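Work through these exercises with the model open. Try each task before you read its solution.

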Amino acid sequence: MKILFYDTKAYDKESFDENLKEKYKDITIDYLVGDINAKTAAFAKGYDAVCVFVASNVDSAVIKILSRCKVRLILLRCAGYNNVDLKAAAKYGITVLRVPAYSPEAVAEHSIALALAVNRKIHKAYIKVRENNFSLVGLTGRNLYGKTAGIIGTGKIGASMCRICNGLGMKVIAVDAFPNKNLEFVEYTDMDTLLKESDLISLHCPLTEETYHLINKESIAKMKDGVLLINTSRGALINTQDLIGGIRDRKFSGVGLDVYEEENENVFENREDDILETSITARLLSFPNVIVTSHQGFLTNEALYAIAITTLENAYQFERGNIIDSNIVKEEA
């Protein structure tokens with residue numbers, strides 16, 4: 001099995017190379033720094049598979065080229081797959097495999113870190129103290145203990161977030177089409193109730209046609225004044241223009257975003273010397289009660305190890321005709 005690895009970062013290469021030494025010696029990986037697109041897809045000629053990440057745009061044009069290159073497998077080293085044209089993959093007979101769960105705790109812990117940081121003004125305090133300003137003005141937060149956490153989506157990551165919030169002494173309510181029976185302390189409710197009652201709202205659902213712009217002008221209007229909003233799932237779950245309007249109207253005490261709309265040009269890249277094409281990021285960062293991080297919720301040693309192991313196992317089993325059913329991404333998914 002020969003794999004061409006796109007959009008390689010140092011931590012990717014380290015974690016994959018370390019695991020290749022063990023069980024997967026028959027797998028060869030060549031690493032590219034650049035991401036996959038209609039030009040770079042042709043580099044996959046002679047390879048059995050390509051490995052891409054969450055920001056890679058694997059559209060129909062890319063998949064058509066991969067088919068011409070005789071690529072049989074697209075390995076997603078992530079859980080999300082909305083960046084892949086599954087109809088095109090099915091048309092050309094290319095299998096798509098993903099990592100459905102690598103470290104839900106990593107993302108959930110980052111979610112609560114964002115909530116705690118923006119609530120207690122850690123970002124502002126850090127900057128002030130570095131300038132020898134030890135004034136407490138502007139740093140007042142609120143206790144999360146005794147407040148209500150509203151969790152939208154209680155899959156593995158959402159469930160972990162529920163447990164953390166419960167451990168902080170919060171009442172936990174949630175919305176999910178398939179309630180998690182292992183979360184006996186969670187009160188499942190409808191969306192309107194969650195929006196109206198929650199002091200903290202955290203998004204942990206996939207991006208679908210139904211959830212696109214789930215958070216918008218109408219849903220924001222139903223929220224409590226002073227609510228904390230956290231998103232570590234997909235940027236397009238939130239209508240950014242409506243969010244900015246809500247921030248300006250002082251609806252939110254704090255907003256923590258690890259993902260946001262139009263982030264693809266920024267994600268995982270150093271653009272400190274660039275003039276950004278869109279003002280969305282700059283506008284979000286201009287608000288004192290907003291923290292934006294760089295899509296790093298997954299980035300722990302444990303998660304990187306799990307991603308590497310699952311991706312390599314997917315390739316290993318595919319080559320032997322033993323595809324792991326739960327990891328297959330199908331058109332009807």
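**Exercise 1.** Classify R72 by accessibility, then find its salt-bridge partner and place both residues.

Solution.
- Step 1. R72 has 33% relative accessibility, so it counts as partly exposed. The classes are buried (under 20% relative accessible area), exposed (over 50%) and partly exposed in between, with a 1.4 Å probe and protein chains only.
- Step 2. R72 pairs with D48 through their side chains, at 3.3 Å from N to O. A salt bridge here is a side-chain nitrogen of Lys or Arg within 4 Å of a carboxyl oxygen of Asp or Glu.
- Step 3. D48 sits in the loop between strand 2 (28-31) and strand 3 (49-52), and R72 in the loop between helix 2 (60-68) and strand 4 (73-76), so the bridge ties together parts 24 residues apart in sequence. Helices (H or I, at least four residues) and strands (E, at least two) are DSSP runs, numbered from the N terminus.
- Step 4. D48 and R72 also belong to a salt-bridge network with E319.

The model is predicted: local features need pLDDT of at least 70, side-chain atom pairs count only at pLDDT 80 or more, and totals for chains, interfaces and linings use all residues. Residues are numbered from 1 along each chain as its sequence is written, and side-chain values use heavy atoms, with hydrogens and water left out.

**Exercise 2.** Which residue forms a salt bridge with E187?

Solution.
- Step 1. The partner is K171, with the closest N and O atoms 3.8 Å apart.
- Step 2. The bridge links distant parts of the chain: E187 is in strand 8 (residues 187-188) and K171 in strand 7 (residues 171-175), 16 residues apart.
- Step 3. E187 is partly exposed because its relative accessibility is 39%. K171, at 41%, also counts as partly exposed.

**Exercise 3.** Is D199 buried or exposed? Describe its bridge to K224.

Solution.
- Step 1. D199 is buried, at 10% relative accessibility.
- Step 2. Its side chain meets that of K224 at 3.0 Å, N to O.
- Step 3. D199 lies in the loop between helix 7 (191-197) and strand 9 (200-203), K224 in the loop between helix 8 (217-222) and strand 10 (227-231), so parts 25 residues apart in sequence are tied together.
- Step 4. K224 is partly exposed, with a relative accessible area of 31%.

**Exercise 4.** How many salt bridges does a search of the whole structure find?

Solution. The search finds 11. Among them are D48 with R72 and D199 with K224.
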